[in-house]
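Reader: I am new to this structure and would like a close look at one part of it. Please take the salt bridges and go through where some of them lie.

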Amino acid sequence: MVFGKWIRRLNPRQNFKQRLGLIIATTILCFSLLLSWIVGNTSKAQIKAGNGQFMEELAYQMARNLDRGMFVYYQEIQTLATLNAIQDSRQSPESKRSLLQTLQNAYKDYAWIGLTNSDGIVLASTNRVLEGKNVSQRPWFIRGRWGAVVEDVHDAKLLAQLLPNPNSSAEPTRFVDIATPVFNAQDPNKFEGVLGAHLYWEWAKHVRDDLLNPLHDHYNVDVMVLSKSGEMLLAPASAPDSDEPLTGPPSPTLGSQPLISVQSAQQGKSGSLVEQWFDGTSYLTGFAATKGCDQYPGLGWIVLVRQSAKEAFAEAVALQEQIIIWGIALGVTSGALVWWIAGWLINPVLQIAAAADSIRQGDTTARIPVFSGRDEVAKLSRAVNSLFISLEEQKQLLMAFNAELDQKVKERTARLNSLNEQLMAEISDRKQAEVALQQANQELHRLTIVDGLTGMANRRHVDQHLVQEWQRSIREQLPLSLILLDVDYFKRYNDFYGHLAGDHCLQRIARVLSSQVQRSHDLAARYGGEEFIVVLPNTELEGAIHLAETIRQAVKSLQIPHANSPASPYVTLSLGVATGFPAPGSSPSALIESTDQQLYRAKALGRDRVMSHSPDSTSSSDH
């Protein structure tokens with residue numbers, strides 16, 4: 001009942017004091033809630049982004065540590081294969097075995113190191129395991145004959161019963177194989193055998209534990225390693241191997257759809273995201289793939305680092321809730337305080353209104369209260385008091401004031417309208433000037449990079465594009481190929497048919513080039529006179545040769561008459577092709593020179609042909 005009475009008394013429609021206080025208090029409360037919500041969401045998003053970046057960094061560090069570790073073992077085996085004691089066939093098996101045993105004793109991650117002859121018979125090995133056995137059918141021997149190789153993680157087969165299992169659990173022994181060919185010390189071209197090593201996969205657990213040990217007190221994360229195809233290689237330390245859907249270590253490729261994180265890592269990407277795993281739980285998952293280290297090519301292992309999304313974002317949710325609670329508390333407190341201040345400020349106005357209403361009703365004893373001071377309330381009280389003393393005088397003054405104010409408003413309105421018209425005219429002129437300038441700049445830029453006759457890119461554009469692609473090839477360690485082509489006996493063509501026909505001939509050849517060179521990063525351009533160039537990033541020599549031959553045939557098939565050509569009755573091309581593998585600190589000038597030499601050779605050998613050269617080869621070829 002008491003509360004109902006208070007509600008009925010609180011009628012903002014009939015009380016200006018209550019209406020003003022309610023409006024201000026409600027406004028402050030709403031803005032406090034809005035600010036709290038914005039700050040809370042911003043803080044939550046920042047914490048989530050930080051956690052995601054942290055998980056991505058963990059996955060990247062694990063992948064890099066795996067690559068660096070494998071690089072060390074990869075280099076050790078190759079270095080060991082170059083020692084005279086290993087290469088010299090006159091050395092006794094005992095001396096070779098001693099050297100292998102020394103390496104295994106120094107690095108406990110080696111399960112077995114062995115040296116075979118050219119037929120695959122083990123000559124010497126650590127702890128004499130498999131000595132005298134034929135391993136010629138083992139993948140590491142077959143591939144190791146032709147160069148240094150790393151075989152992916154696999155279960156032990158031949159050595160399962162001969163070597164100790166380093167796993168404390170019942171997990172089967174698993175190896176990573178490393179092998180490299182051994183050549184004779186006196187005759188480097190004579191193949192002597194293969195030096196092979198089996199590396200305990202337990203090594204990867206040590207890498208994982210070294211990464212996670214500093215984090216155990218603050219983060220509960222799982223780290224797992226998958227093969228490139230998605231097979232589970234290293235399960236989380238918190239759970240044993242299992243064939244159940246992913247509640248612990250099984251392969252994330254189980255089920256109808258693989259995880260997005262696995263698909264992204266298989267594409268060479270790294271990052272983090274929140275996704276639902278096969279146990280129905282959402283996890284914040286960081287992912288990265290191994291990419292090799294220096295000469296070690298890498299096996300494309302996929303590293304996944306996950307943490308329950310509820311646990312990962314608990315701090316962010318708690319912070320958001322605290323900010324919202326404090327925002328509500330501060331909003332309510334500020335609203336109540338403003339309510340009281342509004343009442344205190346409006347009381348003098350209410351007294352003036354009450355006195356004026358009494359006078360209006362005929363109370364001759366009523367007087368307008370006059371308040372001291374210079375604020376608005378004091379001025380209002382004096383003004384209202386004067387108004388009731390001389391109402392007509394005040395009325396005339398008010399009308400005069402209104403008339404003057406109206407005149408000033410009209411004058412200022414007219415002035416503003418005039419200024420606005422001037423401003424709009426200036427804006428329109430500037431926009432037209434900016435559009436004209438932009439069009440002129442675009443046309444100027446086009447003219448600087450486009451050949452006026454053929455409409456293709458000109459040499460300036462080629463130089464800029466080639467430098468950009470050269471730097472990109474250095475960063476991504478990709479090949480870059482060039483094709484230089486020249487119209488055979490073009491001067492004779494001009495002399496015989498005229499320059500106008502020569503220009504038309506060049507335009508037809510340019511259209512053939514534009515139709516054949518279509519990849520986004522490739523560039524076909526006029527290099528000068530009757531010479532054209534094609535820049536082919538990420539293209540091996542064979543692909544460049546194929547494209548050059550296609551261009552040659554396409555131009556020849558146009559059957560443009562060339563009666564004054566010793567090479568053919570039709571217009572033909574001579575083409576030079578070269579491929580380079582850009583290295584830091586190098587420039588494309590050497591590749592351009594090599595391509596130009598091949599073009600010269602094509603002309604010298606009769607024209608109408610493709611000549612190619614790769615910096616990695618010792619001879620050129622005619623196509």
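Author: What follows describes three salt bridges and their surroundings.

This is a predicted model, in which local features need pLDDT of at least 70 and side-chain atom pairs count only at pLDDT 80 or more, while totals for chains, interfaces and linings use all residues. Residues are numbered from 1 along each chain as its sequence is written, and side-chain values use heavy atoms, with hydrogens and water left out.

The structure holds 17 salt bridges (a side-chain nitrogen of Lys or Arg within 4 Å of a carboxyl oxygen of Asp or Glu). One of them links arginine 552 and aspartate 608, with the closest N and O atoms 2.8 Å apart. Arginine 552 belongs to helix H15 (residues 541–557), while aspartate 608 sits in the loop between helix H16 (589–604) and strand S15 (610–613), so the pair ties together parts 56 residues apart in sequence. Helices (H or I, at least four residues) and strands (E, at least two) are DSSP runs, numbered from the N terminus. Through shared partners, salt bridges join Glu549, Arg552, Lys556 and Asp608 into one network.

Arginine 552 is buried at 9% relative accessible area, and aspartate 608 is buried at 14%. Buried means under 20% relative accessible area, exposed over 50%, and partly exposed in between (1.4 Å probe, protein chains only).

Glutamate 202 and lysine 205 also form a salt bridge, at 3.6 Å between the closest N and O atoms. They are three residues apart in helix H6 (residues 202–212), which means about one helical turn separates them. Both glutamate 202 and lysine 205 are buried.

In the salt bridge between arginine 90 and aspartate 88 (3.1 Å, N to O), arginine 90 is exposed at 64% relative accessibility, whereas aspartate 88 is buried at 5%.
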